[in-house]
Amino acid sequence: MLMILLFQRLGIIMILAFLLVNNSYFRQLIEERSKREKLVLIFIFGIFVIISNMTGIEITSDKSLVERPILTTISHSDSLANTRTLVITTASLVGGPLVGTVVGIIGGIHRFFQGNFSGAFYIVSSALVGYISGRLGDKLKANNLYPSTSQVIVISIIAECIQMLFVGFFTGWDLVKLIFIPMMLLNSLGSTLFLAILKTYLSNERQLRAVQTRDVLDLTQQTLPYLRQGLSQQSAAKVCNIIKQHTNFDAVGLTDRTNVLAHIGVGQDHHISGQPVKTDLSKSVILSGQPQVALDKKAIACPDQGCLLNSAIVVPLKINDETVGALKMYFSGDKKMTEVEENLALGLSQIFSGQLAIGIAEEQNKLASIAEIKALQSQINPHFFFNAINTISALIRLDANKARYALMQLSTFFRTSLQGGQDREITLEQEKAHVDAYMNLEKLRFPDKYQLDYYITVPSKMTLPPFGLQVLVENAVRHAFKDRKKDNRICISITDQGDCYKVAVSDNGQGISPNIIDKLGQETVSESKGTGTALVNLNNRLNLLYGSASQLHFDSTDNGTTVWYEIPYQKGDRDENFNS
C-alpha cells in the first residue's frame, strides 16, 4: 500500500518536473551554473522540496498509514514517507553540491517545523545527502553534462541509504524496515526519470540548434552575394526568395528604415516594393531596434483589412548599432510562431547585419577609390585641361586680369576635385566653390552661352557627397543644350523640406531621351558623349550614405530636365542659414 501511495506522489513531482524542463529559461539555468543561476535553482528546488514534504504519507506510531492531501503539520510521534530525498538528489545532480546542500537544508528545516519542532536530524541528513550527491555527480559526469543512467541510480541509492541511517538511528529500525525498499525504489526511479527527461530535452534542443545552424549557414551562403550589394530592391527580392524557398514561412519581407524593399508570398498584393512600410509592428521594430513577435493580426496591425497574415516575427537589421532596416517573416492561416522560427529569425538577423556591414565597408572603399580616381582623371583630362590652357593663353594677350582670374579658377577646380576624392562628405560651401570654378571656366570660354543661378535656403555647413552638384551641372553642360549658343540656363536649388533637404539641378535644355532616362543612375548607357558612369557612382554613394530614399530622380520634358535627390538632416545642419 505504501508503495502505491508513494508512486502517486512521484507522479506529482514528475508532472512538475516535466513542466519545469519544458521551460527554456530553466534549461538555460542548468547549463550555465553561475552564482545568479544557482540562486534561481535553489529557489525552484526549494519550492519542490517543500511540496514533497507537504504531499508525503504520514506514518503513525503503530505503523498505520494516514493519507491526507496536504500535510501542514504532523504529530511528534509520527513519521513521514515522502519524495524529499528525490528532490534533493535531483537538485544536487542538476545544480551541483552547493545547490543540493542548500535545498537539503531548506527541506530539513521545513520538515523540522512540519513535525512540530521534532526531527531536527533531518536538517543535517538532508544537507549531507545534497552535498554528497552533488560531489558524486560532478565527479562521475566527467566531460558530460550529467552522469549516466546507471550512475544516477547508484547515487540515488547512496543518498537514500544516508537518509535511512539517520532515520534508523534517531527513530528506530522498525520504521526503516517499513519504508526503505519503497523509498529506495522511489528515489532511484524518480531521479532517473527526471534526469532522463532533462537529457532528452537538452539533446533534442542541441540537435535542433545544429539543424538551425546548418539552415542558417546554407541561407547565408546563398544570400551573401546579394547582401554584399547592400539593401536595394533588387538584392532584397533575391534574399527574400531564397529565405522563402528554404523555410516554411508563408511570406518574407525586407525593408529599409522607411520603405518596403521586397515582400515575397502572401500579402505581396499590398506590401509593395518601393512603398512605405505599412504595419505598425515593423515600424515599431525599426524605431526601437528590438525584435518583436506578433501572434495575431491585431499585433501585426496591417492597415489592409483583407490581409491574410496572422502571425509574424520582425527582427532589426543593424550596422554599427544603428537600425538600417528589418527582416520580416510571416505565417498565414492557423500557423503560429514557435521558438524554432524565432531562433532562426534572430540568427539570420545577426548574420545579415554583419554581411551588410561588410558589404557597405567594401562598397564605400570601392566608391572612395573610384571617386579619387575620377578626381585625378579630372586633373589630367587632356580635353578639359587644354581647353582651359588655351583660354588662359588667349586671355594673356587680351586681358591679363582675366587670365589671372581664369588661372585661379582652374587651380580651385583641381584642388577641390582632389579634396573631394578623399572625403565621404564635404560641406555645401566646398561643393559650391567647385561648381563655381567649373562654370567660371566654361563662361570664360563661352561668355554668353551659360547662365548659372542658385536658389539656396539651407545652412552653408550642410554636408553632401563630393561632386554631388558638380556632376549634375557638368552633365547639363555636356548633354542638355546640344549646339545652342545662348540662353542656356542652369539652376541649382537646395531647399528645406521639413524632414530633409532637397537638392535639385534644373536646365532648360532639350530633355532626356525616353530610351535612356530609366537607366540613368542605375547603369551605364551607350551615348556618344559619355556613359553615365558618374551618375551611377553618385547614385550609389547617395544610397550608401543616406539610404534608398536619397536616390537620384529624373524629371524631363522637351523644355528641360530636373535631377534631384534628398538628404536627411544631420547634426548642426540647421544652425545657420546660407545666403546666396
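This is a short chat about one helix pair and some salt bridges in a predicted model.

Reader: What kind of model is this, and how are residues numbered?
Author: It is a predicted model, where local features need pLDDT of at least 70, side-chain atom pairs count only at pLDDT 80 or more, and totals for chains, interfaces and linings use all residues. Residues are numbered from 1 along each chain as its sequence is written, and side-chain values use heavy atoms, without hydrogens and water.

Reader: How do α3 and α5 cross?
Author: Helix α3 (residues 35-54) and helix α5 (residues 97-114) have axes that come within 9 Å and cross at roughly 35 degrees. Axes are lines fitted to C-alpha atoms over the stretch in contact, with angles from 0 to 180 degrees between N-to-C directions. Helices are DSSP runs (H or I, at least four residues).

Reader: Which residues of α3 and α5 meet?
Author: Among them are F45 and V49 in α3, and V102 and I106 in α5. Contact means heavy atoms within 4.5 Å.

Reader: New topic. How many salt bridges does the structure hold?
Author: Five. A salt bridge is a side-chain nitrogen of Lys or Arg within 4 Å of a carboxyl oxygen of Asp or Glu.

Reader: What distance separates K432 and D436?
Author: Their side chains meet at 3.0 Å, N to O. Both are in helix α15 (residues 428-445), four residues apart, so about one helical turn separates them.

Reader: Is K432 buried or exposed?
Author: Buried, at 16% relative accessibility. D436 is partly exposed, at 21%. Buried means under 20% relative accessible area, exposed over 50%, partly exposed in between (1.4 Å probe, protein chains only).

Note on methods:
Helix = DSSP H or I, 4+ residues; strand = E, 2+ residues; numbered from the N terminus.
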